[in-house]
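Dear colleague,

I am handing over a structure for you to look through, and below it I have written down what was found. Please keep the structure open beside the text as you read.

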Amino acid sequence: MSIDSRQVAAGMLEAVPFARTLGVEFVEVAPEAEGGVRAVVRLPDSPATHNHVGGPHAGAMFTLGETASGAVVLAAFGQLLDRAVPLAVRAEIAYRRLAMGPVLATARLGRVPAEVIAELDAGRRPEFPVEVEIAAEDGTPTSAMTVVWTLRPNR
């Protein structure tokens, strides 16, 4: 699988203006084994996104993780946009450690894309998780998130 990370980043920033508002930066969107996809997205350190203790606000961290998961979905299933709309179904985040400074969200597709596409081809509405680790720039994990997505067939 070939992924044009610039095209994925541009598509995400066009589709999700709030990511632009936060200043989200796309570091990497790359293929992994078995058709998987990994996306790394960065939230720069900015007083405009700080919470009461000087780190990134929980809402900014959530948006960062959800944006990284969306980049994975767009990279893995963007070729299906004429047939289906990707939608986040639910998300869960665990804030485990105070983040300070810039943070990175690394998202990975939790199912083999071919399985998801086969469900869509069979007329079902597939659901699939995207696992996200959020870490300080030095690699210290601060949060973990799972976003469950679906591909809603166009009718």
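A residue is called buried when its relative accessible area is under 20%. Please bear in mind throughout that this is a predicted model.

With that cut-off, both Phe-77 and Phe-128 are buried. The structure holds one aromatic pair, and these two residues form it: the ring centres of Phe-77 and Phe-128 are 5.0 Å apart and the ring planes stand at 50°, so the pair is tilted. Because Phe-77 lies in helix H3 and Phe-128 in strand S5 (residues 127–136), the pair ties together parts that are 51 residues apart in sequence.

Helix H3 itself (residues 58–77) has 20 residues, which at 1.5 Å a residue should span 28 Å, and this agrees with the 28 Å between its end C-alpha atoms. Of those 20 residues 15 are buried, so H3 is largely enclosed by the rest of the structure.

Turning to the sheet, six strands form an open, antiparallel arrangement in the order S1-S2-S4-S5-S6-S3. Strand S1 (25–31) and strand S3 (84–95) are the edge strands, each of them pairing on one side only, and the twist from one strand to the next averages 20°. S3 pairs with strand S6 (residues 141–153) in the antiparallel sense over 11 bridges, and Ala-91 has Val-147 in S6 as its bridge partner. Helix H4 (residues 113–121) packs on the sheet, where it touches S3, S4, S5 and S6, and its direction makes about 30° with that of S6.

Finally, Thr-106 lies in strand S4 (residues 103–109), and the residues it touches include Val-40 and Val-132.

With best wishes

Terms used:
Residues are numbered from 1 along each chain as its sequence is written. This is a predicted model: local features need pLDDT of at least 70, side-chain atom pairs count only at pLDDT 80 or more; totals for chains, interfaces and linings use all residues. Side-chain values use heavy atoms; hydrogens and water are left out. Helices (H or I, at least four residues) and strands (E, at least two) are DSSP runs, numbered from the N terminus. The expected span of a helix is 1.5 Å times one less than its number of residues. Buried means under 20% relative accessible area, exposed over 50%, partly exposed in between (1.4 Å probe, protein chains only). Rings of Phe, Tyr and Trp (its six-membered ring) pair if their centres lie within 6.5 Å; planes under 30 degrees apart count as stacked, over 60 as edge-to-face and the rest as tilted. Contact means heavy atoms within 4.5 Å. Two strands pair if DSSP finds at least two bridges between them. Axes are lines fitted to C-alpha atoms, for helices over the stretch in contact, and angles run from 0 to 180 degrees between N-to-C directions. Lists of a residue's contacts leave out its neighbours within four places in sequence.
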